[in-house]
Amino acid sequence: MALTATDTYGFERKYSKTGFPTNPVSYAGSTGTTYTMGRLATIPAPSGSGMLVTLTSTGSVTNTNPIIGVIAETKTCTPTDYMVKVYDNPFDVYKVSFDGHTDLACGGSTASNQFKMAISTTASTADNLMKGSLIHIYEGPGKGDTRTVTANTRANPGVITVAPAFSATPTTASKAIVLCGISTSGKTDVKGVNVGTPMLKVSSNSDGKVRIDPSNTNNYLNVVDIDPANLTMDVMIAFTKHAFGMGQSTT
């Protein structure tokens, strides 16, 4: 049975790196538009309407479309009540569910610091793309262990090496998640994720989850902490993508 995520309502504010209290600020929204608590928000400028816009996974984050922050309330704007509260402090940290990780079945390891998995050798992707990411065993021997990947091979079965060693040698009864992406063809095509990884993005279905994809250059979230057992992580909006960090274009 695959691990089930602890759902959040999107981006849940946890604390400020500078110690400031919760202090959402009101921004003008568009009449007739419903804004959902926990979603990232932008204000496209200078050619946009100047109104709050919910960021989707396909939205481009640039110096003319920076992230303002996270919507702090669910509200449908009317002509007389159109101000929407937003957490806009660039040093705020948010808890959010994630997807894009890979669920793994163990092929039966022979060492306590290894997790063997079936993986295709047809792709040209290099070894060690998982290096530095986290692997979490959620079932079978080693259950509850979260370890850092130190290496992985393209052999079949692939071998993930970790440090420190698991509390028990994984067997075919062991199942785990690894914070990277593996395509349907079996290749490891997304680099691993760990605390400090820069630039993730919202998921492709725009449900407020974080997509594990640090290979995309237009991503905009930095990883502060990871709870793989609950499929949640703490993130900050990258300062270079935040409205109060990146500045505004004059053209």
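Let's begin with a single pairing: Tyr-94 has Val-235 as its bridge partner in strand β21. The model shown here is a predicted one, and β21 is a good place to start looking around.

**Strand β21 and its neighbours**

Tyr-94's partner strand, β21, spans residues 232-237 and is mostly covered, with six of its six residues buried. Thr-232, Asp-234 and Met-236 point one way from the strand, while Met-233, Val-235 and Ile-237 point the other way.

What pairs with β21? Strand β9 (residues 92-99) does so in the antiparallel sense, over four bridges. Strand β20 (residues 221-227) also pairs with β21 in the antiparallel sense, over six bridges. In that second pairing, Leu-221 stands opposite Ile-237. Together β20 and β21 make a hairpin with four residues between them, and Leu-231 in the turn has a positive phi of about 55°.

**Salt bridges**

How many salt bridges does a search of the whole structure find? There are six. The table lists some, including one that involves β21.

| Residue | Partner | N to O distance |
|---|---|---|
| Lys-14 | Asp-234 | 3.0 Å |
| Lys-175 | Glu-139 | 3.9 Å |
| Arg-147 | Asp-145 | 3.8 Å |

Take the Lys-14 and Asp-234 salt bridge, formed by their side chains. Lys-14 lies in strand β1 (residues 12-16) and Asp-234 in β21, so the pair ties together parts that are 220 residues apart in sequence. Are the two ends buried or exposed? Lys-14 counts as partly exposed, at 44% relative accessibility, whereas Asp-234 is buried, with a relative accessible area of 7%.

The side chains of Lys-175 and Glu-139 meet in another salt bridge. This pair links distant parts of the chain, 36 residues apart: Lys-175 is in strand β15 (residues 175-178) and Glu-139 in strand β12 (residues 134-139). Lys-175 is partly exposed at 26% relative accessible area, and Glu-139 is partly exposed at 29%. In the salt bridge of Asp-145 with Arg-147, both residues are buried.

**A buried asparagine**

Our last stop is Asn-152, in strand β13 (residues 146-152). Asn-152 has a relative accessible area of 1%, so it counts as buried, for which the cut-off is under 20%. Leaving aside residues up to four places away in sequence, Asn-152 touches Asp-127, Asn-128, Leu-129, Met-130, Lys-131, Val-159 and Ile-160. One of these, Met-130, has its backbone nitrogen 2.9 Å from a polar atom of the Asn-152 side chain. Phe-115 is 37 residues from Asn-152 in sequence, and their C-alpha atoms are 9.4 Å apart in space.

Methods:
Residues are numbered from 1 along each chain as its sequence is written. This is a predicted model: local features need pLDDT of at least 70, side-chain atom pairs count only at pLDDT 80 or more; totals for chains, interfaces and linings use all residues. Side-chain values use heavy atoms; hydrogens and water are left out. Buried means under 20% relative accessible area, exposed over 50%, partly exposed in between (1.4 Å probe, protein chains only). Helices (H or I, at least four residues) and strands (E, at least two) are DSSP runs, numbered from the N terminus. Two strands pair if DSSP finds at least two bridges between them. Contact means heavy atoms within 4.5 Å. A polar contact is a pair of N or O atoms within 3.5 Å; within protein, one must be able to donate a hydrogen and the other to accept it, and residues adjacent in sequence count only if both atoms are side-chain atoms. A salt bridge is a side-chain nitrogen of Lys or Arg within 4 Å of a carboxyl oxygen of Asp or Glu.
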